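Work through these exercises with the model open beside you. Each task is followed by a stepwise solution.

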Amino acid sequence: MATRRNIRYTPLATDEDDYIGDRNRPFDHRFDYTPKALDRVPWKSIVLALFLLFLGTGLLFLAYFIFTGHMGGDQSQAFGLFVLGFLSFLPGFYETRIAYYAWRGAKGYRFSAIPDY
């Protein structure tokens, strides 16, 4: 999260209470909140999700080609590729779907829902 270095902070007095309605005090920018502040795009997470999606798709295709006999290989290799493809495709698809819906502005989807790696 980016810091704002141009804002001057003043220390609070020791007898200061938590009452916010004091009009004599200047506005404290630490409590300035905008809903768009949490909408930064987690690019590393999106790239990782796309990588997992394409890796899983490729492994599933390789497993399919071995199962159908279009490519040489043992059935145990095909099962291994299928399991690895399945395990990498699911999280990649899930996170890519969340990123797509957040990009399109669908209700209930935000970029802040994607974990930042």
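**Exercise 1. Packing of the helices**

Task: In this predicted model, find what covers the buried residues of H1. Then treat H2 in the same way.

Solution.
- Step 1. List the buried residues of H1: Ser45, Ile46, Ala49, Leu53, Gly56, Leu59, Ala63 and Ile66.
- Step 2. Look for their cover. It includes H2.
- Step 3. List the buried residues of H2: Ala78, Gly85, Ser88, Gly92, Glu95, Thr96, Ile98, Ala99 and Ala102.
- Step 4. Look for the cover here too. It includes H1.
- Step 5. Set this against the whole chain, which has 2 helices and 0 strands. Of its 117 residues, 18% count as buried.

**Exercise 2. Helix lengths**

Task: Compare the end-to-end reach of H1 with the span expected at 1.5 Å a residue. Do the same for H2.

Solution.
- Step 1. H1 has 26 residues, and the expected span is 38 Å.
- Step 2. From first C-alpha to last, H1 reaches 37 Å, close to that value.
- Step 3. H2 has 30 residues and should span 44 Å. Its end C-alpha atoms lie 42 Å apart, which agrees.
- Step 4. Check what comes after each helix. Glycine 69 follows H1, with a positive phi near 85 degrees. Glycine 105 follows H2, and its phi is also positive, near 85 degrees.

**Exercise 3. The annotated spans**

Task: Which residues does UniProt list as "transmembrane region"? Describe the model over those residues.

Solution.
- Step 1. Read the record. The unreviewed UniProt entry lists residues 46-67 and 79-103.
- Step 2. Take residues 46-67. The chain there is 100% helix and 0% strand. The end C-alpha atoms are 31 Å apart.
- Step 3. Take residues 79-103. This span is 100% helix and 0% strand as well, with end C-alpha atoms 36 Å apart.

**Exercise 4. Two residues of H2**

Task: Is glycine 85 buried or exposed? Find what glycine 85 touches, then do the same for leucine 81.

Solution.
- Step 1. Locate glycine 85 in helix H2.
- Step 2. Its relative accessible area is 0%. The cut-off for buried is under 20%, so glycine 85 is buried.
- Step 3. Leave out residues up to four places away in sequence. Glycine 85 then touches Gly56, Leu59 and Leu60.
- Step 4. Add a C-alpha distance. Glycine 85 and leucine 53 are 32 residues apart in sequence and 9.0 Å apart in space.
- Step 5. Move to leucine 81, also in helix H2. Beyond its neighbours within four places in sequence, leucine 81 contacts Leu59, Leu62, Ala63 and Ile66.
- Step 6. Leucine 81 and leucine 59 are 22 residues apart in sequence, yet 5.6 Å apart from C-alpha to C-alpha.
- Step 7. Now take the chain as a whole. Among contacts with a separation of 6 or more, 54% come from residues 24 or more positions apart.

**Exercise 5. The largest nonpolar core**

Task: Which residues make up the largest nonpolar core? Which element gives the most to it?

Solution.
- Step 1. The core has 6 residues: Ile46, Ile98, Ala99, Ala102, Phe111 and Ile114.
- Step 2. H2 contributes the most, with 3 residues.
- Step 3. Follow isoleucine 46. Residues up to four places away aside, isoleucine 46 touches Val41, Ala99, Phe111 and Ile114.

**Exercise 6. Aromatic pairs**

Task: Classify two of the 8 aromatic pairs in the structure. Then find the aromatic cluster that holds Trp103.

Solution.
- Step 1. Choose the descriptors. A pair of aromatic rings is described by the distance of the centres and the angle of the planes.
- Step 2. Take phenylalanine 67 and phenylalanine 79. Their ring centres are 5.1 Å apart and the planes meet at 75 degrees. Over 60 degrees counts as edge-to-face, so that is the class of this pair.
- Step 3. Place the two rings. Phenylalanine 67 is in H1 and phenylalanine 79 in H2, 12 residues apart, and the pair links distant parts of the chain.
- Step 4. Take phenylalanine 82 and phenylalanine 86. The centres are 6.3 Å apart and the planes are at 20 degrees, so the pair is stacked. Both lie in helix H2, 4 residues apart, about one turn of the helix.
- Step 5. Check accessibility. Phenylalanine 67 is partly exposed at 33%. Phenylalanine 82 is partly exposed at 40%, and phenylalanine 86 is partly exposed at 42%.
- Step 6. Find the cluster. Trp103 forms one aromatic cluster with Tyr100, Tyr101 and Tyr109.
- Step 7. Look over the face of tryptophan 103. Arginine 104 lies there, 5.7 Å from the ring centre.

Definitions and conventions:
Residues are numbered from 1 along each chain as its sequence is written. This is a predicted model: local features need pLDDT of at least 70, side-chain atom pairs count only at pLDDT 80 or more; totals for chains, interfaces and linings use all residues. Side-chain values use heavy atoms; hydrogens and water are left out. Rings of Phe, Tyr and Trp (its six-membered ring) pair if their centres lie within 6.5 Å; planes under 30 degrees apart count as stacked, over 60 as edge-to-face and the rest as tilted. Buried means under 20% relative accessible area, exposed over 50%, partly exposed in between (1.4 Å probe, protein chains only). A charge sits over a ring if NZ of Lys or CZ of Arg is within 6 Å of the ring centre and within 35 degrees of the ring normal. Contact means heavy atoms within 4.5 Å. A nonpolar core is a set of buried Ala, Val, Leu, Ile, Met, Phe, Trp, Tyr and Cys residues joined through side-chain atoms within 4.5 Å. UniProt positions are given in the numbering used here, feature names are shortened, and annotations may be inferred rather than shown by experiment. The expected span of a helix is 1.5 Å times one less than its number of residues.
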